[in-house]
Amino acid sequence: MTDSWDTIADWYVELLRTGSALNDFNRDILLDLLPDRLGGCRVLDLGCGEGIIARAVAARGAAVLGIDPSPRMIEHARAAGTGGAGTVVYEVDDGCVLGTVADSSVDWVTAGLSLNNVPDLDAALAAVRRVLAARGSLVLTIPHPCFEAPHAGWTQAADGAARRVVGDYLAEGFWRSGNPEAVRRAGNHHRTLATYLTALLRHAFVVEAVAEPAPSAEVAAEQPRRHGLPPFLAIRACLS
Ligand SMILES: C[S@@+](CC[C@H](N)C(=O)[O-])C[C@H]1O[C@@H](n2cnc3c(N)ncnc32)[C@H](O)[C@@H]1O
């Protein structure tokens with residue numbers, strides 16, 4: 001059977017709930033680009049998975065709608081409940097369509113490690129633009145495209161240190177890892193940094209913040225070879 005996000009949903013949920021420093025780090029760098037207080041704000045979490053970001057955003061007081069095309073992910077998200085002061089509801093939906101989300105109905109869209117999974121980035125950004133209210137913003141993270149290009153791997157330098165090897169940065173398109181333990185066995189869409197930034201500009205977003213945070217102490221302890229490389233790229237962009 002070919003893996004998809006739905007078939008690996010139980011595995012992914014187990015990974016996150018038993019403690020994944022990398023996923024916690026991703027959530028935290030995305031939260032760093034949001035206001036501390038979100039009371040009264042409506043937030044769409046696009047590609048919410050099991051709800052790690054939706055719950056954290058609700059804990060800041062927001063009314064959150066989490067959408068994901070994987071019914072199994074949404075089952076897990078619903079079972080996990082809300083994150084605190086705010087509210088969370090979940091719907092099965094495609095980020096390229098957002099058919100469950102009304103026009104101009106949210107103040108923020110969060111997209112944690114999900115836009116690299118949508119097959120049509122232009123359709124997703126057009127949908128995000130449609131559902132954002134005036135002065136709304138998109139906060140996204142993606143695996144850093146410069147270092148997480150298709151089949152990037154590790155080699156050992158003469159001094160014994162691990163070095164990242166990237167061979168196919170310019171090879172845009174769908175790819176999946178052949179490693180049965182890798183999250184990317186579900187497949188994802190590689191796009192260059194320029195493609196992401198150009199797409200945001202084409203959809204008339206104003207890029208307000210770009211971050212390439214160094215691995216947290218927890219990530220460094222879990223995966224020491226990541227020292228010196230940002231695992232993720234984070235961007236905040238608002239409607240013009
Ligand atoms: C790496 S997981 C991230 C989930 C969650 N945001 C997190 O941080 O754990 C990628 C998610 O993107 C979702 N996804 C795949 N295709 C999508 C699409 N067309 N629209 C929205 N989400 C999609 C997958 O189902 C999966 O839950």
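Ligand shell and cysteines in a predicted model

Author: In this predicted model, the ligand is surrounded by 22 residues, and the closest are Tyr12, Gly47, Asp68, Gly95 and Gly112.

Reader: What makes the pair between aspartate 68 and the ligand a polar contact?

Author: A polar side-chain atom of aspartate 68 lies 2.6 Å from a ligand oxygen. The cut-off for N or O atoms is 3.5 Å, so the pair counts as a polar contact.

Reader: Which ligand atoms do aspartate 94 and glycine 95 approach?

Author: A polar side-chain atom of aspartate 94 lies 2.9 Å from a nitrogen atom of the ligand. For glycine 95, a polar backbone atom is 2.8 Å from a ligand nitrogen. The protein buries 94% of the 590 Å² that the ligand exposes when taken alone.

Reader: What is the make-up of the shell around the ligand?

Author: Its residues are twelve nonpolar, eight polar and two charged. Helix H1 (9–17) and helix H3 (52–59) each contribute at least two residues to the shell.

Reader: How do you know that cysteine 41 is in no disulfide?

Author: The search of the whole structure finds zero disulfides. The nearest cysteine sulfur to that of cysteine 41 belongs to cysteine 238, 14 Å away. A disulfide needs sulfur atoms within 2.5 Å, so the sulfur of cysteine 238 is too far for a bond.

Reader: Why is cysteine 41 called buried?

Author: Its relative accessibility is 18%. Buried means under 20%, so cysteine 41 counts as buried.

Reader: And why is cysteine 238 called buried?

Author: Cysteine 238 has 13% relative accessibility, so under the 20% limit it also counts as buried.

Notes: Residues numbered from 1 in each chain as written. Predicted model: local features only at pLDDT ≥ 70, side-chain atom pairs only at ≥ 80, totals over all residues. Heavy atoms only, no water. Near = heavy atom within 4 Å. Polar contact = N/O pair within 3.5 Å; in protein donor to acceptor, adjacent residues only side chain to side chain. Areas by Shrake-Rupley, 256 points an atom, 1.4 Å probe, with all protein chains shown as cover. Helix = DSSP H or I, 4+ residues; strand = E, 2+ residues; numbered from the N terminus. Nonpolar A, V, L, I, M, F, W, Y, C, P; charged D, E, K, R; others polar. Buried < 20%, exposed > 50% of the residue type's maximum accessible area, 1.4 Å probe, protein only.
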